[in-house]
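I opened a fresh page for this one and wrote things down as I looked them up.

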Amino acid sequence: AGGTGGSDTAGLGGRGGPYRLDKGHQVHQVSDAAKAEVSEEAQAMAREMAEEGLRKRLEEIDMGEGEWEAYLSYFDRIQTQVQQLRVVLEAIENKSQERSWL
């Protein structure tokens, strides 16, 4: 998880998500009540922008809508294992950066 903000996303200064403490960043969380204050119009605009961004990205990587749906279907099945692997790899990376005293 990551990023620098957004509504209900993990990130530095975002509207929610305590996922960057490990990197030494200060994380700000906003209550569900504050998130609920986002207008329907703003939500609709954000959704439209996200859909347009996805369309552009799929075009850049030459992936069709059907291929995207297939990718999501596969990824949903392995999402937990992918997250576990990321945790293991991050632990290995952190350990390799630790000082060793001789």
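I started at Leu 89, which sits in helix 3 (residues 65-97). Helices here are DSSP runs of H or I with at least four residues, strands are E runs of at least two, and both are numbered from the N terminus.

Ground rules, before going on. This is a predicted model, so I note that local features need pLDDT of at least 70, side-chain atom pairs count only at pLDDT 80 or more, and totals for chains, interfaces and linings use all residues. Residues are numbered from 1 along each chain as its sequence is written, and side-chain values use heavy atoms, with hydrogens and water left out.

Back to Leu 89: buried or exposed? I get partly exposed, because its relative accessible area is 49% (buried is under 20%, exposed over 50%, partly exposed in between, with a 1.4 Å probe and protein chains only).

Next, the surroundings. Leu 89 joins Leu 85, Val 88 and Ile 92 in a nonpolar surface patch, about 380 Å² of accessible area together. Areas come from the Shrake-Rupley method with a 1.4 Å probe, and for residues only the protein chains shown count as cover. Patch members have over 30% relative accessible area and no salt bridge; like charges are joined within 9 Å, and nonpolar side chains (Val, Leu, Ile, Met, Phe, Trp, Tyr) within 5 Å. A salt bridge is a side-chain nitrogen of Lys or Arg within 4 Å of a carboxyl oxygen of Asp or Glu. A reminder to myself: an α-helix has 3.6 residues a turn, so residues three or four places apart point the same way.

Then I checked helix 2 (residues 40-60). Its 21 residues should span 30 Å at 1.5 Å a residue, and its end C-alpha atoms are 30 Å apart, so the two agree. The expected span is 1.5 Å times one less than the number of residues.

What follows helix 2? Asp 62 does, in the loop between helix 2 and helix 3. Asp 62 has a positive phi of about 55° although it is not a glycine. I also noted Asp 62 as exposed, because its relative accessible area is 68%.

Last, the whole protein. I count three helices and zero strands, in the pattern α-α-α along the sequence. Buried residues make up 9% of the 102 residues. The protein exposes about 8600 Å², and carbon and sulfur atoms supply 53% of that.

On confidence, pLDDT is the predictor's confidence in each residue, from 0 to 100. The mean for the protein is 80, and 71% of residues reach 70 or more.
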